[in-house]
Amino acid sequence: TYRNACKRHGVTPAAGFLRCCESEEIKLSHYGVGPKGARAIAAAMQNNTKVLRLHLTDNGLHEDGCQVMCKMMEDNCYITHFSMSRNEMRLVGSMAARKMLRNNSTLSHLVCSGNCLDDHCAEHWAEAIRVSLHLTLLDLSNNEFCEEGGKVLGPAIGENESLQELSLRWNHLRQDGAIAVALAMGSNQMLKKLNLAWNGFANEGAAAMGEALKSNSSLEELDLSHNRISEDGAKMLAKGIAVNESLKVLKLGNNPLKMAGVSAILQAMKSNPNNSIVFLDFDSITMTMSVMEMLNELKASRPNLKVSHAGLGGAEARQQSEKQKEPMVLVKQYIDRANLRLVDFFNSIDKDKSMSVTVEEFEIGLARAKVALTKEQIRDLVAKLDQDGDGEIDYGEFVYGAQQVTQAEREQKKKRNLEAKMEKAEEQRKSQVFRQQQEDVAGDK
């Protein structure tokens with residue numbers, strides 16, 4: 001059927017599809033399938049009863065190809081895991097996804113990361129979230145939803161009764177959009193894992209999340225890292241933590257919380273004997289001795305509590321920070337020092353040239369290259385890079401991870417430059433005030 005469909009549409013059959021079409025899982029990432037190839041795959045899948053997991057990441061499907069695949073999925077009652085990341089779904093693909101989720105009663109995991117989804121697409125995804133009764137995982141990370149999109153998505157998330165895991169990481173929700181998504185957690189009592197990192201939530205979004213946590217009884221993992229939350233936002237978030245009993249993992253790393261914000265979070269946990277948090281992420285935040293004492297006191301009463309932070313201030317903080325660098329940062333630094341291209345490094349690990357590596361292959365390759373990562377760091381890296389959840393890293397995921405490191409480095413550089421400009425401006429202001437004072441004194445004489 002597939003070969004005949006390829007012939008009808010004038011495309012070359014994908015070897016990866018031919019190898020796996022009788023198995024439970026098809027991993028067809030980076031094959032350049034295109035819209036015509038999607039039609040051939042859709043035709044072949046019409047009567048296929050064996051494939052349960054279909055991964056089509058980074059295949060240049062574009063809107064037409066995504067529409068075809070979603071139409072096929074409307075009638076498919078076998079596939080439970082479907083990934084179409086980095087295929088430029090845009091508006092037409094979003095409309096098709098809405099229809100797919102309305103009609104499909106089997107699909108439980110849908111990954112649509114990096115698909116150029118913007119505020120014009122938000123209403124269709126909001127409707128999809130509302131009508132879906134069986135979807136338990138939805139990944140809409142690395143898209144372009146902004147404030148208006150957040151305002152549309154928020155109420156739909158609040159109404160949904162099936163999702164257990166949702167990622168909106170690396171969008172641009174901000175302001176009222178961030179508030180709408182955060183407040184949705186006050187009414188949603190199904191979600192267990194929510195990733196909202198890199199969204200510019202700021203203090204207003206943190207305050208709304210703190211309010212939502214007061215009534216939420218399902219959320220177990222919340223990622224608010226890289227969200228420009230300051231000590232004031234942390235204090236408002238802490239009010240929800242002081243009441244909440246379900247949250248187990250809270251990630252607040254790379255936010256300018258300062259010690260007052262960290263102290264507020266720790267104090268809220270201490271005041272709530274029914275609080276369930278077992279892991280706190282304060283990555284990049286250095287601690288003062290007094291806050292470390294508070295943290296150690298909290299750990300004494302909660303033996304299972306683990307906290308990630310940048311250690312004490314000063315030289316010790318710099319040493320600790322080096323140890324706790326993101327694993328992908330260390331890999332990227334090695335590649336840059338060795339003057340390698342990403343594809344060269346990946347090919348040195350990918351011995352069977354499948355454009356995908358297992359955890360074991362990755363670990364062996366890193367050891368051979370003498371990249372100093374522990375087994376735990378490698379597992380963390382695989383978990384972060386593995387967007388389609390198949391337990392392996394394919395080349396597209398690896399490239400995307402490297403791009404995120406580069407983006408983070410640019411953000412840090414911009415932040416340092418801004419701080420330097422502000423310091424210079426402050427010095428100039430003080431100098432001007434001093435000169436004015438000197439002139440005033442001279443005038444009085």
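Two residues count as being in contact when heavy atoms of theirs come within 4.5 Å. Keep that cut-off in mind for this model, which is a predicted one. Take the contacts in the protein chain that link residues at least 6 apart in sequence: 81% of them join residues at least 24 apart.

Now for the overall build. Along the protein chain you can pick out 18 helices and 13 strands. The radius of gyration is 25 Å, close to the 22 Å that the globule rule gives for 445 residues, so the chain is as compact as a globular protein of that length. If you want the extents, the C-alpha atoms fill a box of roughly 100 × 55 × 50 Å along the principal axes.

What about inside and outside? Of the 445 residues in the chain, 48% are buried. The accessible surface adds up to about 21,400 Å², and carbon and sulfur atoms account for 49% of that. On the charge side, there are 56 positive and 60 negative side chains. The centres of those two sets sit 3 Å apart.

Next, the cysteines. The structure has 0 disulfides, and two residues let you see how that plays out. Start with C6: the closest cysteine sulfur to its own is in C21, and the distance is 11 Å. A disulfide needs the two sulfur atoms within 2.5 Å, so the C6 sulfur is too far from that of C21 for a bond. C6 is also buried, its relative accessible area being 1%.

C116 tells a similar story. Here the closest cysteine sulfur belongs to C121, 8.9 Å away, which is again too far for a bond. With a relative accessibility of 18%, C116 counts as buried, because the cut-off for buried is under 20%. You'll find C116 in the loop between β4 (109-111) and α6 (119-131). Its backbone deserves a look too: C116 has a positive phi of about 60 degrees, although it is not a glycine.

That brings us to another residue with a positive phi. Q175, also something other than glycine, has a phi near 40 degrees. Where does Q175 sit? It belongs to helix α8, which covers residues 174-187. And is Q175 buried or exposed? Its relative accessibility is 52%, so Q175 counts as exposed, given that exposed means over 50%. So of these two positive-phi residues, C116 is in a loop and buried, while Q175 is in a helix and exposed.

Notes
Residues numbered from 1 in each chain as written. Predicted model: local features only at pLDDT ≥ 70, side-chain atom pairs only at ≥ 80, totals over all residues. Heavy atoms only, no water. Helix = DSSP H or I, 4+ residues; strand = E, 2+ residues; numbered from the N terminus. Rg over C-alpha atoms; globule rule 2.2 N^0.38 Å. Buried < 20%, exposed > 50% of the residue type's maximum accessible area, 1.4 Å probe, protein only. Areas by Shrake-Rupley, 256 points an atom, 1.4 Å probe, with all protein chains shown as cover. Lys, Arg positive; Asp, Glu negative; His and termini not counted. Charge placed at Lys NZ, Arg CZ, Asp CG, Glu CD.
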